[in-house]
Amino acid sequence: MSYPEIRPRRLRRSPAIRRLVEETRVAPAELVLPMFVKEGLAEPRPIASMPGVVQHSRESLRKAAAEAVHAGIGGIMLFGVPVRKDETGSGGTDPDGILNVAIRDVISEVGDATVVMSDLCLDEFTSHGHCGLLAPDGTVDNDATLAAYAEMGVAQAEAGAHVVGPSGMMDGQVGVIRKALDAAGHADTSILAYAVKYASSFYGPFRDAVESSLEGDRRSYQQDPANLRESLREVRLDVAEGADMVMVKPALPYLDVLSAVRAEVDVPVAAYQISGEYAMVEAAAANGWIDRDRAVLETLTSIRRAGAQIILTYWAVEAARMLRDRY
Ligand code: PBG
């Protein structure tokens, strides 16, 4: 019988030695909490497919933003749900639209204590649920949409957003928004580009969260899950157009893409752990099939290990607390 000379298990034998050799750590400052605010709500309202996540009222959003700051997370990403949606998504560009009002509320509550980001896309505001304006033939009109995005970006910057996050996957969106921000005197507002965004089934619960009326799908503008090289082209374009940070979305099913993107560009890379990723873990945990807290930290660690420097996650505040106890 011959014995192994090399024994990797030596470095796993106690919590202390495991902690010493741990290669990847997630810090609360790298986590960003996506938050929904619904126009006209008196009380926060639970989202059935995302247990633990709510549509906020303006008042509860302020409080939750203050809690997020207290938890030490890096930022929050705001999504607005208007009472009325229309063909052109006019609630998104209207300075008194719910998202712009909520940005002002949050900025007046937390100021510069955390990074306040806003989703820059029309789908929450359009009656048809698409991310852009429709051409007469029903297709999504790229260039007409760009003009609306430019206006929306300026409205968000004017409301005080530190970072705008274009997520509609229109060609040229980053460049057009950058130019509009600069022309309006908002050269200091950053752009976090959803550069790589796949047409994913895992967005399902989000559509509940924003009460989307989308019929059909977004495959004419979001990417085919089969493609990786295309993502590298997308991030190079967005960086050339002026993106300050780029994002990959979803996260867990696309870790290979994330690590390739990380190697491709030198701007900060974010990943969005989306609604369906959240719902899967919550649903399995509710059935007693997995250990929820361990699963949460395992997914975040994996996303970090694959190359994300910033992680958007609905568990941001809770994970920050767990991490604080751990280190
Ligand atoms: C578009 C947008 C979506 C998400 C973030 N921004 C929906 C989509 O593109 O279909 C999804 C986030 C999630 O699923 O958690 N405004």
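Trainee: In which loop does Pro-250 lie?

Mentor: In this predicted model, Pro-250 lies in the loop between strand S8 (245–249) and H9. This loop is worth a look for its backbone, since the peptide bond that joins Lys-249 and Pro-250 is cis, with omega at about -10°.

Trainee: How should I read the backbone at Met-169, and where is Met-169 found?

Mentor: The general idea comes before the case: most residues other than glycine have a negative phi, and most peptide bonds are trans. Met-169 has a positive phi, near 60°, although the residue is not a glycine, and Met-169 is found in the loop between strand S6 (163–166) and helix H6 (173–183).

Trainee: Turning to helix packing, at what angle do helix H4 and helix H5 cross?

Mentor: One reads such a pair from the angle and the distance of the axes, and here the axes of helix H4 (residues 98–110) and helix H5 (residues 142–159) cross at roughly 25° and come within 8 Å. Angles under 35 degrees count as roughly parallel, and H4 and H5 are therefore roughly parallel to each other. Their crossing is right-handed, and the contact is made by Asn-100, Ile-103 and Arg-104 on the side of H4, with Ala-155, Gln-156 and Ala-159 on the side of H5. By class, the residues of this contact divide into 3 nonpolar, 2 polar and 1 charged.

Trainee: How are H8 and H9 oriented to each other, parallel or oblique?

Mentor: Helix H8 (residues 229–241) packs with helix H9 (residues 255–264) at an angle of about 40°, the axes being 10 Å apart, and H8 and H9 are therefore oblique to each other. The crossing of H8 and H9 is right-handed. In the contact, Ser-231, Leu-232, Val-235 and Arg-236 of H8 meet Val-257, Ala-260, Val-261 and Glu-264 of H9, a set that divides into 5 nonpolar, 1 polar and 2 charged residues.

Trainee: Which residues surround the ligand?

Mentor: A shell can be read by its members and then by class. Among those that surround the ligand are Asp-119, Cys-121, Asp-123, Glu-124, Tyr-203, Phe-206 and Arg-218, and by class the shell has 5 nonpolar, 2 polar and 4 charged residues.

Trainee: Finally, how many helices and strands are there in the chain?

Mentor: The chain has 12 helices and 10 strands. With a radius of gyration of 20 Å, close to the 20 Å that the globule rule gives for 327 residues, the chain is as compact as a globular protein of that length. Along its principal axes, the C-alpha trace spans about 80 × 45 × 40 Å.

Terms used:
Residues are numbered from 1 along each chain as its sequence is written. This is a predicted model: local features need pLDDT of at least 70, side-chain atom pairs count only at pLDDT 80 or more; totals for chains, interfaces and linings use all residues. A residue is near a molecule or strand if its C-beta atom, placed from the backbone, lies within 6 Å of it. Ala, Val, Leu, Ile, Met, Phe, Trp, Tyr, Cys and Pro count as nonpolar, Asp, Glu, Lys and Arg as charged, and the others, Gly among them, as polar. Axes are lines fitted to C-alpha atoms, for helices over the stretch in contact, and angles run from 0 to 180 degrees between N-to-C directions. Helices (H or I, at least four residues) and strands (E, at least two) are DSSP runs, numbered from the N terminus. Angles under 35 degrees count as roughly parallel, over 145 as roughly antiparallel, 65 to 115 as roughly perpendicular and the rest as oblique. A crossing is left-handed if the near helix is turned anticlockwise from the far one by less than a right angle, and right-handed if clockwise. Two residues are in contact if their C-beta atoms, placed from the backbone, lie within 7 Å. The radius of gyration is taken over C-alpha atoms; the globule rule is 2.2 Å times the number of residues to the power 0.38.
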